[in-house]
Number of protein chains: 2
Amino acid sequence: MKPFVDIYDTTLRDGAQGEGLAYTVEDKLKIVRCLDQFGIAYIEGGWPGANPKDIEFFERAKSLTLDHAKLTAFGSTRRANGIAAEDSVVQGLLAAETPVITIFGKSWDFHVDVALKTTREENLRMIADTVSHLKAYGRRVFYDAEHFFDGFRENSEYALDTLRVAHQAGAETIILCDTNGGSLPEQIVESIALVRSRIPDAKLGIHCHNDAELAVANSLAAVAAGVTQVQGVINGYGERCGNANLSSIIPTLELKMGRRCLPDGNLRMITHTSRYINEVANLVPNDRAAYVGRSAFAHKGGIHVSAIAKAKETYEHIDPNTVGNETRVLISDQSGVSNIRFKADGLGGDFAENPEAARLLLARMKSLEHEGYQFEDAEASFQLLALDALGKRRKLFEVIEYHIWLGSSGEPEAVVRLKVGEDEVHTASLGVGPAHALDQALRKALLPHYPEIAKFHLIDFKVRILDGENATAAKTRVHVETSNGEKSWNTVGVGENIIAATWQAIIESIEYGLQVNGIKRDYEINEK
Amino acid sequence: MKPFVDIYDTTLRDGAQGEGLAYTVEDKLKIVRCLDQFGIAYIEGGWPGANPKDIEFFERAKSLTLDHAKLTAFGSTRRANGIAAEDSVVQGLLAAETPVITIFGKSWDFHVDVALKTTREENLRMIADTVSHLKAYGRRVFYDAEHFFDGFRENSEYALDTLRVAHQAGAETIILCDTNGGSLPEQIVESIALVRSRIPDAKLGIHCHNDAELAVANSLAAVAAGVTQVQGVINGYGERCGNANLSSIIPTLELKMGRRCLPDGNLRMITHTSRYINEVANLVPNDRAAYVGRSAFAHKGGIHVSAIAKAKETYEHIDPNTVGNETRVLISDQSGVSNIRFKADGLGGDFAENPEAARLLLARMKSLEHEGYQFEDAEASFQLLALDALGKRRKLFEVIEYHIWLGSSGEPEAVVRLKVGEDEVHTASLGVGPAHALDQALRKALLPHYPEIAKFHLIDFKVRILDGENATAAKTRVHVETSNGEKSWNTVGVGENIIAATWQAIIESIEYGLQVNGIKRDYEINEK
């Protein structure tokens, strides 16, 4: 049986201190449910009393039933020269009614002097009093030793004293924090070795920040050095450069370091978990994220693509299925004909018979990329180009003209005029925004001829300004994702204004949906 | 004198294999000039002959004069059972006329069997022949041992043989590559120790990928283990999860590990270098990047802000000036009144006298954030709110109405009607896109009353769809950056359509520019 490492997620507290993050109470509850399903051991819910949102969260969390996780509340030790029982932070922690409470205190003498402005002896009493008080109420207590590694480098005896009083007062686990994120792995390892020799019966945890891009390495080094709890954040959000990224730590511990962190079989959920939380956090996802990123197993160079067609492990360090991710093949000016064959869904045979069409397609694509198109995230637009190159793209309708009218009052209004077969259709629609009005007018015009359009709906819409230097006069690229309820597909449009770009992406999304049967994904192709 | 580590940047070759990257020849030349000014030792320009772009690049690079860097060309060893002198890749490498050539060969027997499909003996001859041939032409040769660490784990003797033949044939440096990015630091360290004991006089380099989020740690561990060249990419772009991030490696080597990588004083240029390359690459910047990210020294939690006001090293692992970055303070629902005082540029005194206004401002801001506004990146909009809360915001003009008309033919046209003082102004303008037309019409209307507007121009424009699930009917947030030639400022608008959001951001950018004298930045505030 592999040794277990307890994962402690602080997405909702330390993670929420990241720039650009602002969770609603509903968001926080969604994330708790998701982390619990994933199998995280401890979920830090927030700082009860810090703001009205966290108070409401802990109130509502009382009725949650969790399968795997224990919810924890976070707060500081009592104030200097105060009494734990009368301290509002300490009272708030108890009122949250979580099974585990995590409190943080100061290990770095400099912080005691400058930030707390109290004596070093009083700081030790603050730690001991607060831990004992919470223990007296029957709670499990974790003690976060803030700035432990900085404190240890400057005054190791005092830093050790702060741990010792927390341990003696009954803290179940002592978490060593690299709060400023500047430590190197060898410093982490040496400090932990000394802590273990000096306080041999303490259970230890690690809490790292990523200010030198070493939070993952530092956390793993700490596990190798003997800690049994790892704190971090799925996707690594957090103050400044973020917290240790659990999306990278968990797979490495399970797949490469012989440790267990999750219930059996749950590692496959990590890509979904990461993306779901990213969605709730409403941040631009990091496509390059290890294990879980959209590009983590994406191959672009011609040599790589030709090798993975023979054996995927030539350029993949693990099987992407083990983490619920998938292999993708990208098309770009670094592509060779292998990329085209790999990619051109269901058309590989046609291109093998017609190498001239493959060269034509590659050349057309490179020239469109030069104009600002990007097909990596617009497989449906790429398929339409592929059909074009083979002379197989059917013309389903023709746009004669469209117009948009919008302003400070009234809803945007779109007018479209199309030719569908022999008919000319001229219609109009209102919409919430200009793109919405165009989309509505277009469907209205086409629906009588193509009733399956009723099932299509736009599910995502992204705008990228291509040349920030020209500001509002810059080119715009729009990506649109459309679904028919069973499958979804992506298209791209580029134009000198956002409406022209959106129009093109919407037109292609409808055209693709109507003419391509059985939409397949990369991973299905790979399994051929 | 601190020992030197040679930095070898492969932004233009391995970095360009990242998803979403497509450099023009002009981009590549800009990046070479920037990296040279920064003081990088070796710049890998590309793979001559791989595509027309790289051929043109090396042709034009012949006339570049570099101050610090040596340009290198990259390619593979000769084909199996061929002759180096007749091999087109080898000929292309010589034709590029760079002082240094880097070739890669296979160290992993599995790749020799499966990808190359040749014998292991022939692979050794391919390496030896190619190195000797290039040496015979008087070039310095670096040998990249692809998949060295994977090969070493499976067949260490064969992997060592591949290094030995490259070394014996005259390769100046042998670079050990963790091509699939899955190695752990201890594996890197053990393998390097064995290589050094078996081929003691070889100079070694390291080339890591980030598939387990360990590329920085692995590169640093390799330096500690004795390598003297580090390959990587500024900002860590590259195939899959990217290459080792030089923006993190260089500062850690120089500030924390006692090595030198750059000419004296150049470390301060690293933030600019990172952002410039990001701009040329046209990627969404990683704000959380260590050392160089916009958020790397950004403080949000109330406790952190109150501590850094006393001493910045309480929550900063290095002085941001050493890497040319700056401290920032963020405003959010985690803010306390310290954040407001820190942030409200020049108004700190007013808020200290009027705490009711500070509470009012915090409440107003939290409610706007709830609607989708984000002030972290819109300091000018925040300043307008602060003036409002203090009753000091002047009304410079009033919008009566505006309209936009655009379609498949003709330029977008905007009409605006404003009240400025006693006058009603009603005017119109064309523009490249709808936002541009509105911006032009607004300036035209205001210019006679506020001639300083002539100096304002939009320098950046960003669009974020707030709720992808509602697609084109979602809310939109627009950020605009405006400059008056000396200073620049950021504003935000949110609306149910992109035009309404853009209009609001543009209105505020003009209002701020007109009413706030002496625009200050966070780092100026910090120095008070």
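The following exercises, each with a worked solution, concern a predicted model containing chain A and chain B.

**Exercise 1. Describe the overall make-up of chain A: its secondary structure, its extent, its burial and the range of its contacts.**

Solution.
Step 1. Begin with the secondary structure: chain A contains 19 helices and 16 strands.
Step 2. Turn to the extent. Along the principal axes, the C-alpha atoms of chain A occupy a box of roughly 90 × 60 × 45 Å.
Step 3. Consider burial. Chain A has 528 residues, and 63% of them are buried.
Step 4. Examine the contacts by sequence separation. Of the contacts in chain A with a separation of 6 or more, 67% are between residues 24 or more positions apart.

**Exercise 2. Determine how strand β2 of chain A is paired with β1 and whether its residues are buried or exposed.**

Solution.
Step 1. Locate the elements: β1 of chain A spans residues 6-9, and β2 of chain A spans residues 42-46.
Step 2. Establish the pairing. The two strands run parallel and are joined by two bridges; Tyr8(A), for instance, has Tyr42(A) in β2(A) as its bridge partner.
Step 3. Assess the burial of β2(A). Five of its five residues are buried, and the strand is accordingly described as mostly covered.

**Exercise 3. Compare the surroundings of Asn123(A) and Ile303(A), and explain why each is assigned its accessibility class.**

Solution.
Step 1. Place each residue. Asn123(A) belongs to helix α5 (residues 120-136) of chain A, whereas Ile303(A) belongs to helix α12 (residues 302-308) of chain A.
Step 2. Apply the accessibility classes. Asn123(A) counts as buried because its relative accessibility is 0%, which is under the 20% limit. Ile303(A) counts as partly exposed because its relative accessibility is 38%, a value in between the limits of 20% and 50%.
Step 3. List the contacts of Asn123(A), setting aside residues up to four places away in sequence. Its partners include Lys106(A), Val112(A), Leu116(A) and Thr162(A). Tyr158(A) is also among them, and the side chains of Asn123(A) and Tyr158(A) make a polar contact of 2.9 Å.
Step 4. Do likewise for Ile303(A). Beyond neighbours within four places in sequence, Ile303(A) contacts Tyr315(A) in chain A, together with Trp47(B) and Phe104(B) in chain B.
Step 5. Add a C-alpha distance. Ile303(A) and Asn339(A) lie 36 residues apart along the chain, and their C-alpha atoms are 9.7 Å apart.

**Exercise 4. Characterise the interface of chain B and chain A by its extent, its polar interactions and its composition.**

Solution.
Step 1. Count the residues involved: 113 residues of chain B contact 112 residues of chain A.
Step 2. State the buried area. The two chains bury about 9,200 Å² between them, and 55% of this is on carbon and sulfur atoms.
Step 3. Identify the salt bridges. Four are found across the interface. One of them links Arg294(A) to Glu19(B), with 3.4 Å between the closest N and O atoms.
Step 4. Include the polar contacts, which are made by 42 residue pairs between chain B and chain A, both residues being at pLDDT 80 or more.
Step 5. Resolve the chain B side by element and class. Strand β11 (residues 398-407) of chain B supplies its largest share, eight residues. By class, this side has 49 nonpolar, 38 polar and 26 charged residues.
Step 6. Examine β11 across the interface. β11(A), also residues 398-407, runs antiparallel to β11(B), and five bridges join the two strands. Within this pairing, Ile404(A) has Leu406(B) as its bridge partner.

Technical notes. Residues numbered from 1 in each chain as written. Chains lettered and ligands numbered in written order. Predicted model: local features only at pLDDT ≥ 70, side-chain atom pairs only at ≥ 80, totals over all residues. Heavy atoms only, no water. Contact = heavy atoms within 4.5 Å. Buried area = accessible area lost by both parts, 1.4 Å probe. Salt bridge = Lys/Arg side-chain N within 4 Å of Asp/Glu carboxyl O. Polar contact = N/O pair within 3.5 Å; in protein donor to acceptor, adjacent residues only side chain to side chain. Helix = DSSP H or I, 4+ residues; strand = E, 2+ residues; numbered from the N terminus. Nonpolar A, V, L, I, M, F, W, Y, C, P; charged D, E, K, R; others polar. Pairing = 2+ DSSP bridges. Buried < 20%, exposed > 50% of the residue type's maximum accessible area, 1.4 Å probe, protein only.
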